[in-house]
Each structure stands twice: as C-alpha cells, then as structure tokens.
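Trainee: Could we go through this model together, one question at a time?
Mentor: Gladly, let us look at it first.

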Amino acid sequence: MSGQAEHELLAALRGFVADIGALEPPPAGAPVAHLEITTGIDRAGLDLTGPVAEALVRALREYHDPRDNGRCEHCGGRRLDTHLICADCRRPNGVFGRLVMERAARHAAHGEPDTDL
Ligand SMILES: [Zn+2]
C-alpha cells in the first residue's frame, strides 16, 4: 500500500466515524466496538457507537468493486475480465461462453480449425 493510500484509508475511516457519529443526538452512545488499524506510517484507534458500527457494516456490504464481474460457472473463480473470460480456467463464462464453446465443438467435430475464437 502506498503512503498516499495509507493516509487516505485512515482519513476515510476517521471521517466516516466522525460524519456518522455527528448524526446521533447527544449524548453519544457508548462504544460497542473499538477498531484499531495500523499502517506502515500511522495508526488509529476508533470507538464505534452502535449506529456507526451498523453504518460501517452496511457500507462494506453495499460496496461493489468495479472489477467484480461475478463468479465463473466452470471453476468458481472470481476473476472474470470485462469480456467475461475467467483468468483462472481461461474459459468464457455465461451464455456468451456457452455459445463460444458450442461453436468450437462444432468446428472440432467437422475438423475445421476454430479460427473464429
Ligand atoms: Zn473459471
């Protein structure tokens, strides 16, 4: 992790806890969790009240990585590229993958090279 990314991580966590905590009516609730995080350049200890902890859980569960194109139906791998080709088993996935594999099988059955792939 680069130094900039480490600063951003800690700043984002501190900002999240402060922003969500500011929405709670006073007095602030007692912490339900304490989050310690250490990077190569800094460390933070953050007390999480119930609403902050719940908001953090929701934020983490709702995050969708733009690189996440689903799970390979052949090997279960999680690394499908934007063309839905699995980086682990190199097979195309989904309906597109089935069409490609059927076409390749037809070519192979007729002794034709599968140059269309
Ligand atoms: Zn796969």
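Mentor: Below we talk through the metal site and the nonpolar core.
Mentor: This is a predicted model, where local features need pLDDT of at least 70, side-chain atom pairs count only at pLDDT 80 or more, and totals for chains, interfaces and linings use all residues. Residues are numbered from 1 along each chain as its sequence is written, and side-chain values use heavy atoms, with hydrogens and water left out.

Trainee: Which residues coordinate the zinc ion?
Mentor: Donors are N, O and S atoms within 2.8 Å of the metal (3.2 Å for Na, K and Ca), and water is not among the atoms, so sites may look incomplete. Here the distances are 2.3 to 2.4 Å, and each donor is an SG atom. The residues are C72, C75, C86 and C89.

Trainee: What arrangement do the 4 donor atoms around the zinc ion make?
Mentor: Four donors count as tetrahedral if all angles lie between 85 and 135 degrees. The angles here are 104 to 117 degrees, so the arrangement is tetrahedral.

Trainee: Is C86 buried or exposed?
Mentor: Buried means under 20% relative accessible area, exposed over 50%, and partly exposed in between (1.4 Å probe, protein chains only). C86 has a relative accessible area of 0%, so C86 is buried.

Trainee: Which residues is L13 in contact with, leaving aside neighbours within four places in sequence?
Mentor: L13 is one of the 10 residues of the largest nonpolar core, a set of buried Ala, Val, Leu, Ile, Met, Phe, Trp, Tyr and Cys residues joined through side-chain atoms within 4.5 Å. Contact means heavy atoms within 4.5 Å. The contacts of L13 are L35, I37 and L46.

Key. Four donors count as tetrahedral if all angles lie between 85 and 135 degrees; four count as square planar and six as octahedral if opposite donors are over 155 degrees apart and all others between 65 and 115; anything else is irregular.
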